[in-house]
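Reader: I have the model open at the bench and I'd like a close look at one part of it. Pick a residue, take me through its surroundings, and then step back to the rest.

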Amino acid sequence: MSEQLFKVTIDNITVEVPAGTTILQAARQIGGDVTPPAMCFYTPLKGSGGKCRTCLVEVSKGSEKDPRPMPKLVASCRTTVMDGMEVKSVTSQRVLDARAGVVEFLLINHPLDCPICDQAGECHLQDLSYEHGKGGTRYEFQRRTFKKHDLGEFIQLHMTRCILCYRCVFTADQVTDKRAHGVLDRGDHAEIATYIEKNLANDFIGNVIDVCPVGALTDKTFRFKNRVWFTKPVNAHRDCDKCCGEVTLWMRGDEVFRVTARKDEWGEIKTSEKTGKTGWICNDCRFEKKKASDWTVEGLAPIARHSVIGQGKYPGLQRPSETIERVLDGRKPRLLMDIHTVSEVNKPGIELSEIKGPATGDVFKQ
Amino acid sequence: MQPLTNRAKNVDRRPMTLAERAYLPAILKGMGITFSHLFKKKPTIQYPEEKRPFSQVFRGLHVLNRDEEGRERCTACGLCAVACPAEAITMEAAERQEGEENLYREEKYAAKYEINMLRCIFCGLCEEACPKDAIYLSETFAPANYDRKGFIYGKNDLLIPNPLTDREAYEQAAGGRVRQPVGSR
Ligand code: SF4
Ligand code: SF4
Ligand code: SF4
Ligand code: FES
C-alpha cells in the first residue's frame, strides 16, 4: 500500500500527514498555540482519548470531496484527517468558548489545592485552566469527596483531584500484565479505585504516576519532600534488566528526590533510545534507586521555556574562577558565617531522600 | 558635539567680576539663609522618644499568620520562595499526622520555615504570592544585631502568637495588618 498523504489546514497552516493521522497529531506537527490541549489522549496508550473534550476543534471544511463543515465541534484526538480538511483551533471563538466551558466542568469538583499538591508546577490541569479557563467559578455547592483509598506504599491517590481521563486504567491494562484497579460507578460518583484496596503489586504500575495529567496519582516516596521547581531534573540511566533504565532524576544537591520516566514536550513518555519502545520504567528504578551512585548522569533534562521548573536552572552556566584563592596563594577566604550553624533548613544530617514516605514532624525534631 | 538633551548648559568660563571676587556678599547671603532656618519649623524627630507613624503600606518584618482557630496557615507551597527575588526564604515541609489537626490548617505544613533577613529586601512579593494568606509584612523593623547569625529568622521568630490562647499578643503582632480573608477556605 502506497503511503497516501493528506493535506490538512489548521489555523491557516497547511501540513501533509499520512492517512489515519488524527487532527491532534497533525496539529502537534505544527506545534505552538495551534495545538489543542489534551488531557486524556496519550499517544503510547491504545484506545486513550475521547474522554475529556479539552481538545475540541472546529472543522470548517470536511474534505476536498465533501466541503461541508462539521456541525459540531469535534474531539481532535479521535478524529482522523481527511484530504483538504480545514480546521480552526485558536482562530475560532466557538472553540475558545468551548474550552473555557470544559475547564469549568473539569474544575467543578476539583479541589484546586495546588499549594498542597505535589503535581503543581508540572500539572496539565493547571496549565489548561491558566491558558484556557476563566478567572472565577460559578459553582456554589459542596465539592465531591471520597473515602480515602490506600494504594500501597509507593503510590498516593487523591481521588478528589482525578479528572477521570482513564489513562491510568489503560496503563495498568496495557503496560502491566494484570490490572488491579479500574473505574467504579458512573457520573460524578465515578472513581479510580482498587478492588477492595488491593495493593497494586506489579513491576510497572508506577507508570500510572507519570501518565496522570493531574495530581491524583503521585509518588509517595517523593510526597511533600519538595516542590518540583526547587528540584533539578537531570537525565540519567542505569542497566536495568526489567526496563530501559532511561529516566529523569529530580535532584536537590546530591540527593535524588524523585525518579520519573523521560517525557517529551507534550508530557508523554518518550521512546527509549535503547529499546525503541515507549520508555516505561519499572518500580525498582522509580522507587528504590534513590542514590546518585545508582545512576549515570547525562546532564540537565530539557525544561520547557515557560515552565516554572526552569527557575534557578541555568544550562551552560559558566562559573567565573575564584580570584581570592588565586591571589591568596590557594588559601580559602574566611567564611563570615557558615549558614548551617544557624539554619534549621537543609540540615546536613537529615537526608530526605532516604525517608520512605513523606517527612513528618518527628523527622525534623531530632 | 551634539548635546544629549536640550537642557545642557555650557560652563561659564568668563573671569569673575569685581563683585564676585569680593566673596563677602555671597558669604553673607549664604549665612543669611542658614540663620533664617533657626526660625522655621523643625523637621527633626526626636527618635526614640518620638516615633513617626508607619505608612499603611509599610513593609517591615514578616509574620507567619494563623487562622481564627489558631492553626498555622502556611502549607509550605514554596510560592513565596519562588517569588522572592532575593532568594531569602527556605522551608521544609512535613505531612500532618493524626492528632495534629488543631496545629496545622492543611494536610502539609512547613516544619521548618526560614527567612534570611540579611538577604531580604522587604519587597513584599512573598506576601503577594502567598495563596494561603500565611505571610504578611508587618509594621516593625528587623532589630539591629551584633552578629549575622541573629538575622536568620526561623518559625519561632516569625509565627504570630496564637489568637485563642494569647489574644493580646496576637493583636499586637498583627498590628491591625493581618486581615482574615473573606470566605477563607
Ligand atoms: S491536580 Fe493540578 S490543578 Fe489540581 S490541585 Fe494538583 S496541581 Fe492543582
Ligand atoms: S519581602 Fe521580598 S525579599 Fe523579603 S522575603 Fe519577601 S519576597 Fe523575599
Ligand atoms: S507562606 Fe504562603 S506562599 Fe509561602 S510557603 Fe507558606 S503558604 Fe506558601
Ligand atoms: S484529549 Fe481529546 S478528548 Fe481528551
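Author: First, a term: a contact means heavy atoms within 4.5 Å. By that rule, residues 24 or more positions apart account for 64% of the contacts in chain A with a separation of 6 or more. A word on ground rules: this is a predicted model, where local features need pLDDT of at least 70 and side-chain atom pairs count only at pLDDT 80 or more, while totals for chains, interfaces and linings use all residues. Residues are numbered from 1 along each chain as its sequence is written, chains are lettered from A and ligands numbered from 1 in the order in which they are written, and side-chain values use heavy atoms, with hydrogens and water left out.

Now to the close look: let's take Tyr113(B), which sits in strand S3 of chain B. (Helices, H or I with at least four residues, and strands, E with at least two, are DSSP runs numbered from the N terminus.) Tyr113(B) counts as buried because its relative accessible area is 2%; the cut-offs are under 20% for buried, over 50% for exposed and partly exposed in between, with a 1.4 Å probe and protein chains only.

What touches Tyr113(B)? Beyond its neighbours within four places in sequence, its contacts include Leu64(B), Cys74(B), Cys80(B), Ile89(B), Met91(B), Tyr153(B) and Leu158(B). Ala76(B) lies 37 residues away from Tyr113(B) in sequence, with the two C-alpha atoms 8.1 Å apart.

Strand S3 of chain B belongs to an open three-stranded sheet, ordered S2-S3-S5 and paired antiparallel. At its edges are S2 (89-95) and S5 (152-153) of chain B, each pairing on one side only. Strands pair if DSSP finds at least two bridges between them, and two is what joins S3(B), residues 108-116, to S5(B). In one of these, Ile115(B) has Tyr153(B) as its partner.

Two of the contacts of Tyr113(B), Cys74(B) and Cys80(B), turn up again at ligand 3. They are among its nearest residues, along with Cys77(B), Gly78(B) and Cys130(B), out of 14 around the ligand; a residue is near if one of its heavy atoms lies within 4 Å. That shell splits into 11 nonpolar, two polar and one charged. Here Ala, Val, Leu, Ile, Met, Phe, Trp, Tyr, Cys and Pro are nonpolar, Asp, Glu, Lys and Arg are charged, and the others, Gly among them, are polar.

Elsewhere in chain B, helix H2 (24-36) has none of its 13 residues buried. Helix H2 of chain B spans 18 Å from first C-alpha to last, close to the 18 Å expected, which is 1.5 Å times one less than the number of residues.

Over in chain A, there are nine helices and 13 strands, and 50% of the 366 residues are buried. Strand S3 of chain A (56-61) is mostly covered, with five of its six residues buried. S3(A) pairs antiparallel with S4 (74-75) through two bridges, Leu56(A) standing opposite Ala75(A), and with S5 (85-88) through three, also antiparallel. Lys61(A) has Glu86(A) as its bridge partner there.

Ligand 1 has chain A residues around it, including Cys114(A), Cys117(A), Cys123(A), His110(A) and Arg161(A). Its shell divides into six nonpolar, three polar and two charged.
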